[in-house]
Amino acid sequence: MRITRRSVLRGATGLGATFAFGRAWAATEMDLGERRITTLNDGYLQLPESFLIGDLPQGEARAILDAAGVAAGGYEPPCNVTLLRSGAEVVLFDAGAGPGFMQSTGRLPEALAALDLSPEDVTHVVFTHGHPDHLWGAIDDFDEPLFVNARHLIGRVERDYWTDPETPVTIGAERQSFAAGAARRIELLQGMLETFENEDEVLPGIVARASFGHTPGHMSFEIGSGQALVVGDAIGNAHLAFARPEWPMAADQDPEQAARTRLVLLQELAERGMPLIGFHLPDGGMGRVEKNGEGYTFVSEM
Ligand SMILES: [Zn+2]
């Protein structure tokens, strides 16, 4: 038997299971009848505060962050990969960052092992967008697809953006590595990667919803007609994005378009009382949206 990193992980599930109920791994779970959703922790990002505040009014932004308990200095949001299990389907929404992004990310295989799942068990990987913390984990450190048995699905607009030879020219200096990294991973996925369009049913009962702005082709996914919305990075944090959703955020590639998308999503989530799952939201990323004056509040399900 060829011992691979994956079989080692598989063999280590006894150890991993110790952590199965710890906050570090299976952070939150949502039971939707025939579907069960678990968020898996891929680690956390380590970013400068400028990534968060950018050109926003410093005083007001800082006050919102203080109220949310976000200390000045570095910003370390969690990365929540959504796992959906339904019958024989084992679906991941995004693949985490993999081995090549940050020291503090790339823990998804361990989080899966803690649930006694291996990458081979995954039947579908559905991408919200092509940023490193969402896409790069689809390729392992041998430059091979990690989820060897899975169909991989990405929005066509998003795929076209990252494979466009103009993108490294237009994306700007600070995201150069994103462009090269995404193009390379998409190439390594080769024939495994399928595309879908806005409002396509990507899987039975799961509908893609264009939520452009964070990236040019960012997609959210509505599960079971209002049961939950996987928003990826369309609602990228639990403080500024909720309190002042109209503010242009430095984290978004098209800040104006992203703000319009965010406003529409937050209003709908609040009105419909629909749970959301956000990739960088706290407490495993599951919660609800409540109207709060001119803005909104994230109400964690934990
Ligand atoms: Zn992200």
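**Exercises on a zinc site and its surrounding fold**

The zinc ion takes its protein donors from Asp133 (OD), His134 (NE2), Asp233 (OD) and His280 (NE2), at 2.1 to 2.2 Å. Donors are N, O and S atoms within 2.8 Å of the metal (3.2 Å for Na, K and Ca); water is not among the atoms, so sites may look incomplete. The model is predicted: local features need pLDDT of at least 70, side-chain atom pairs count only at pLDDT 80 or more, and totals for chains, interfaces and linings use all residues. Residues are numbered from 1 along each chain as its sequence is written, and side-chain values use heavy atoms, with hydrogens and water left out.

**Exercise 1.** Classify the arrangement of the four donor atoms around the zinc ion.

*Solution.*
- The angles at the zinc ion run from 82 to 173 degrees.
- Tetrahedral requires all angles between 85 and 135 degrees; square planar (four donors) and octahedral (six) require opposite donors over 155 degrees apart and all others between 65 and 115; anything else is irregular.
- The arrangement is therefore irregular, given its angles of 82 to 173 degrees.

**Exercise 2.** Describe the spacing of the donor residues and place Asp233 and His280 in the chain.

*Solution.*
- The donor spacing in sequence reads D-H-x98-D-x46-H.
- Asp233 lies in the loop between β11 (228-232) and α10 (240-243), and His280 in the loop between β12 (276-278) and β13 (286-292); 47 residues apart, the pair links distant parts of the chain.
- Helices (H or I, at least four residues) and strands (E, at least two) are DSSP runs numbered from the N terminus.
- Asp233 has a relative accessible area of 5% and is buried; His280, at 8%, is buried also.
- Buried means under 20% relative accessible area, exposed over 50%, partly exposed in between (1.4 Å probe, protein chains only).

**Exercise 3.** Determine the strand order of the sheet and identify its edges.

*Solution.*
- Seven strands form an open sheet of mixed pairing, ordered β8-β9-β10-β11-β12-β13-β14.
- β8 (201-203) and β14 (295-300) are the edge strands, each pairing on one side only.
- Two strands pair if DSSP finds at least two bridges between them.
- β11 and β12 run parallel and are joined by three bridges.
- Val230 stands opposite Ile277 in β12.

**Exercise 4.** Characterise the surroundings of Thr128.

*Solution.*
- Thr128 occupies the loop between β5 (124-126) and α6 (132-135).
- With a relative accessibility of 1%, Thr128 is buried.
- Not counting residues up to four places away in sequence, Thr128 touches (heavy atoms within 4.5 Å) Asp94, His134, Gly217, His218, Met219, Phe221 and Gly232.
- Among these, His134 is a donor of the zinc ion.
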